[in-house]
Amino acid sequence: MIKDKRPRYVVIMENVQQMIKDKSLKPKDKLPTEPELMKEYGVSRATVRQAMQELENDGIIEKIHGVGTFVAERKMKIQMQGFFSFSEEVKNNPGKYHTQVLSFKKTTPVSKVIYEALECEECELIEIKRLRSIDGEPVLLEITYIPATLYPGKLPRTFQFESIYDFIRSLGIKKLKGIEKLVPYHPSTEEAKYLHVDKKTDLLKFTRLLKDKQPVEYSVSILKPGKISIQTQIERTL
């Protein structure tokens, strides 16, 4: 019999991952306790904790203080090489996704920040507000503003585009560049209601300003991180 020479914490990690893969363990299932794992694998508490910490660092499990350790819910992965598009990201992620269009209209918002970003003074804007859900749970509230001068006619009754960028392409715009910022955020009362959280919940806020020859889009996206992980590629010449 060939002895398994892998470190014992690696064996525990890989066994847990395999059970998740073959669905012996499912999202939200509780894992065995530390003493149970120590007995099963014949290892020390330190070895079990190292395995659990590595799995938690990878987002595979999550610990709830005083309750136990659970299989983490599946997360949608967002790649941040370019500007974020929920509609594009869902194509590469498993799960059931739904978009509810909350508003699609021409309006004059009260925020001076929006007008300054779009370089217009109290001009009419197209507002597109959407709530995005994963597996029935609301995770992202998006509000996008586009200068109404880019669509001078009457808007369609419904927003039928899968992506904001499909709509922008329909306006004859083919290339965009700009800035996207990400900051920690606590929601307003209305935002908390849409996302099914309380006002003290730690969320993330993306703000995005995109331009062609002139500003085209200003968006605010309020993100509930629980079902989404953000990844980026990094490179440095040494």
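Leaving out neighbours within four places in sequence, I164 is in contact (heavy atoms within 4.5 Å) with I128, R130, T144, F159 and E217. The model is a predicted one, in which local features need pLDDT of at least 70 and side-chain atom pairs count only at pLDDT 80 or more, while totals for chains, interfaces and linings use all residues. Residues are numbered from 1 along each chain as its sequence is written, and side-chain values use heavy atoms, with hydrogens and water left out.

I164 sits in helix α6 (residues 164-170); helices (H or I, at least four residues) and strands (E, at least two) are DSSP runs, numbered from the N terminus. With a relative accessibility of 2%, I164 counts as buried, the cut-offs being under 20% relative accessible area for buried, over 50% for exposed and in between for partly exposed (1.4 Å probe, protein chains only). One of its partners, T144, is 20 residues away in sequence, yet the two C-alpha atoms are 8.3 Å apart.

T144 itself belongs to strand β6 (residues 137-147) and is buried too, at 2% relative accessible area. Its side chain makes a polar contact with the side chain of S219, at 2.8 Å. Such a contact is a pair of N or O atoms within 3.5 Å; within protein, one must be able to donate a hydrogen and the other to accept it, and residues adjacent in sequence count only if both atoms are side-chain atoms. Not counting residues up to four places away in sequence, T144 touches I126, E127, I128, I164, E217, Y218 and S219.

Y218 also turns up in the largest nonpolar core, where L118, L125, Y145, L195 and Y218 touch the most other members out of 18 residues. A core here is a set of buried Ala, Val, Leu, Ile, Met, Phe, Trp, Tyr and Cys residues joined through side-chain atoms within 4.5 Å. Two or more residues each come from α5 (112-117), β5 (125-134), β6, α7 (189-195) and β9 (215-223). Apart from this core lies another, of 16 residues, among them L37, V43, A51 and V71. Back in the largest core, L195 has contacts beyond four places in sequence with L131, P138, V139, L140, L141, L203, I222 and K224.

On the aromatic side, the structure holds 6 pairs, counted when ring centres of Phe, Tyr or Trp (its six-membered ring) lie within 6.5 Å; planes under 30 degrees apart are stacked, over 60 edge-to-face and the rest tilted. The ring centres of F159 and F167 are 5.7 Å apart with planes at 70°, so this pair is edge-to-face. Both residues are buried, and they join F104, Y151 and F161 in one aromatic cluster.

Then there is helix α3 (residues 45-57), whose 13 residues reach 18 Å from first C-alpha to last, close to the 18 Å expected at 1.5 Å a residue (1.5 Å times one less than the number of residues). Its buried residues are T47, V48, A51, M52 and L55. They cover an arc of only 130° around the axis, which puts them on the same side of α3; the arc is that of the directions from the helix axis to the C-beta atoms. Their cover includes α1 (8-21), α2 (34-41) and β1 (61-64), whereas the face turned away from the buried side carries the exposed A46 and N57. Q53, also in α3, is partly exposed at 36% relative accessibility. The C-alpha atoms of Q53 and K63, 10 residues apart along the chain, are separated by 9.5 Å. After α3 comes G59, with a positive phi near 75°.
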